[in-house]
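Please find below a short set of comments, arranged as numbered points. They take up one helix and then a group of aromatic side chains.

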Amino acid sequence: WITDNLDWSWSFLVIVPLAAIAATVFRSLPADSDVDRDRMQIDWIGVLLLGSVLLPLTYVLQRGDRYNWFDDSHICWLSLSIAGLFGLFCWWQMHNRKRACLINLTLFRDRDFAFGFAVSFLAGFVLFGSAMLIGVLSTTILGYTAVNNGLLLLPAAITVGLGLFAA
């Protein structure tokens with residue numbers, strides 16, 4: 001409804017009331033006695049490194065097709081900087097012993113966890129990719145509106161959601 005009657009950019013504002021409700025509920029919960037909130041630390045270097053990876057990655061993924069992907073030099077340089085910064089982020093997460101890491105990469109030493117993560121990542125990639133391709137096909141070729149496109153994908157989303165509860 002929002003994209004059909006207003007503009008697609010308004011769909012980002014849907015999260016604002018949901019976030020306000022979540023913050024209110026979170027604040028109303030009793031404090032966990034096992035967690036010392038004064039001693040909790042944030043890995044600000046990890047946050048900065050991850051942000052410096054995600055920001056240009058978003059730009060490259062959004063604007064790469066406009067600039068013919070790797071034919072443009074600034075897309076190439078951004079892609080190389082993304083790879084380098086991501087490597088630096090992973091190195092920092094593996095060697096940071098003083099603070100709590102954003103991602104505990106030592107979990108991947110367990111073969112069962114690593115296999116489960118890889119399978120879950122691949123399944124999510126396939127599900128997201130198929131939903132995107134179906135959405136693009138139904139919008140561009142079949143001429144569906146955003147609402148009809150959502151209704152087309154709704155049974156698949158409900159099935160996946162129920163499958164998550166069954167698993």
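**Comments on the predicted model**

1. Helix α4 covers residues 73-95, and its 23 residues reach 33 Å from the first C-alpha to the last, close to the 33 Å expected at 1.5 Å a residue. The model is a predicted one, and the span of α4 should be read as a computed value of that model.

2. Which residues of α4 are buried? They are Ile 75, Ser 79, Ile 82, Phe 89 and Gln 93. The cover over the buried residues of α4 includes helix α3, residues 44-63.

3. As to aromatic rings, the count comes to 3 aromatic pairs. One of these joins Phe 108 to Phe 113, with 5.2 Å from centre to centre and 65° between the planes, an edge-to-face arrangement.

4. Why is the pair of Phe 108 and Phe 117 edge-to-face? The ring planes of Phe 108 and Phe 117 stand at 85°, and the pair counts as edge-to-face because planes over 60 degrees apart are classed in that way. The centres of these two rings are 5.1 Å apart.

5. Are the paired rings buried or exposed, or in between? Phe 108 is partly exposed, at a relative accessible area of 32%. Phe 113 is likewise partly exposed, at 35%, and Phe 117 is partly exposed at 43%. These values fall in the partly exposed class because it lies between the 20% limit for buried and the 50% limit for exposed.

6. Finally, the aromatic residues may be viewed as a group: Phe 108, Phe 113, Phe 117 and Phe 121 form one aromatic cluster.

Key: Residues are numbered from 1 along each chain as its sequence is written. This is a predicted model: local features need pLDDT of at least 70, side-chain atom pairs count only at pLDDT 80 or more; totals for chains, interfaces and linings use all residues. Side-chain values use heavy atoms; hydrogens and water are left out. Rings of Phe, Tyr and Trp (its six-membered ring) pair if their centres lie within 6.5 Å; planes under 30 degrees apart count as stacked, over 60 as edge-to-face and the rest as tilted. Buried means under 20% relative accessible area, exposed over 50%, partly exposed in between (1.4 Å probe, protein chains only). Helices (H or I, at least four residues) and strands (E, at least two) are DSSP runs, numbered from the N terminus. The expected span of a helix is 1.5 Å times one less than its number of residues. Contact means heavy atoms within 4.5 Å.
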